[in-house]
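Colleague: Before I use these coordinates, I would like to go through them with you, one question at a time.

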Amino acid sequence: MKQKGSSLAVSGNALTLAIANPGALGTIDAYISAVNRLPVLSAEQETSLGRRLRDEDDLDAARQLVLSHLRLVVSIARQYLGYGLPHADLIQEGNIGLMKAVKRFDPERGVRLVSFAVHWIKAEIHEYIVRNWRLVKVATTKAQRKLFFNLRSMRPDGKTLDTQRVDDIARELNVRREDVSEMEVRLSGRDMSLEAQDDDDDAYAPIAYLSDEGRQEPTRVLERKAVDELQSTGLNNALETLDPRSRRIIEARWLKDDGGTTLHELADEFGVSAERIRQIESAAMKKMRGALVT
């Protein structure tokens, strides 16, 4: 393979393998250069390939649809470089979203794949950032996620927001002003090393004064073991006591990372009222508590 900056001759098979790992071509610049040279499909070609995939499950048609839109993923992924995550990883996650879009693409709806795929690509990249960015908690709510992805662009030159701007953003995104202030602090945070950066004995770092009192004390060890077991085996056993509908409701409401499904969403899914879902949830929680105690 030629070095970065030189002309790059990449076979179709090599580029297909690189979809799952953009770094496989040597450098991210080599990958971008390769995908930018791929031909763009016409509307007629796209429709024909979409029909082959839908009607004949033609994997070669799917491959051509994916390859022709890799440049779209590169363009979208570039918009998220400000979160400090590797460009290649962002592209890789975006490629997964693109493949999901191709799988669901309906050529008869009169919508180009590029328009349909944008949503799936961004959704996959958003999920990756939320899972991995150091300042975002796993249990972030949907409203906080919306704030997280919009606040950065709303902060002029990254400067601290004044009171009026905080109020404006809170009103525009329909969140509390306290949420805006908290997210701004998290976006402004920087990593701090626990250990000293040099060998100077006089240098202090957080690890020097972080206490670990009683961590190996037998009672504490047994307590932690009991809690770990309760959160793993105990929870699974409690869920096993529920009927499928009750288990589905508990998992959707309490065991999802995206803030949980609402009562009304579950009501639509099961064809009952939101109040009925609440009653089932309450009964299931009571049954699980009984199973955890025994």
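Colleague: In which helix does alanine 77 lie?
Modeller: This is a predicted model, and I therefore read the assignment as a property of the predicted coordinates. The helix concerned covers residues 70-78, and the one that holds alanine 77 is H5.

Colleague: Is alanine 77 buried or exposed?
Modeller: A residue counts as buried when its relative accessible area is under 20%. Alanine 77 has a relative accessibility of 0%, and because of that value alanine 77 is classed as buried.

Colleague: Which residues does alanine 77 touch, if those up to four places away in sequence are not counted?
Modeller: A contact requires heavy atoms within 4.5 Å. With residues up to four places away in sequence left aside, the partners of alanine 77 are His87, Leu90, Ile91 and Ile125.

Colleague: What separates the C-alpha atoms of alanine 77 and lysine 122?
Modeller: Along the chain, alanine 77 and lysine 122 are 45 residues apart. In the predicted coordinates, the separation of their C-alpha atoms is 8.2 Å.

Colleague: How far apart are the end C-alpha atoms of helix H6, and what span should its residues give?
Modeller: Helix H6 runs over residues 87-104, which makes 18 residues, and at 1.5 Å a residue these should span 26 Å. The expected span agrees with the model, because the distance between the end C-alpha atoms of H6 is also 26 Å.

Colleague: Which residues of H6 are buried?
Modeller: The cut-off is again a relative accessible area under 20%. In H6 the residues that meet it are His87, Leu90, Ile91, Glu93, Gly94, Asn95, Gly97, Leu98, Ala101 and Val102.

Colleague: What percentage of residues 89-102, which the UniProt annotation "domain: RNA polymerase sigma-70" covers, is helix?
Modeller: The annotation comes from an unreviewed UniProt entry, and it also covers residues 262-288. Over residues 262-288 the chain is 85% helix, with end C-alpha atoms 20 Å apart. Over residues 89-102 the strand content is 0% and the helix content is 100%.

Colleague: How far apart are the end C-alpha atoms of residues 263-282?
Modeller: An unreviewed UniProt entry lists residues 263-282 as "DNA-binding region". Over that stretch the chain is 85% helix and 0% strand, and the distance between its end C-alpha atoms is 12 Å.

Colleague: How many helices does the protein have, and how many strands?
Modeller: From the N terminus on, the order of elements reads α-α-α-α-α-α-α-α-α-α-α-α-α-α. The protein accordingly has 14 helices and 0 strands.

Terms used
Residues numbered from 1 in each chain as written. Predicted model: local features only at pLDDT ≥ 70, side-chain atom pairs only at ≥ 80, totals over all residues. Heavy atoms only, no water. Helix = DSSP H or I, 4+ residues; strand = E, 2+ residues; numbered from the N terminus. Expected span 1.5 Å × (residues − 1). Buried < 20%, exposed > 50% of the residue type's maximum accessible area, 1.4 Å probe, protein only. UniProt positions renumbered as here; feature names shortened; annotations may be inferred.
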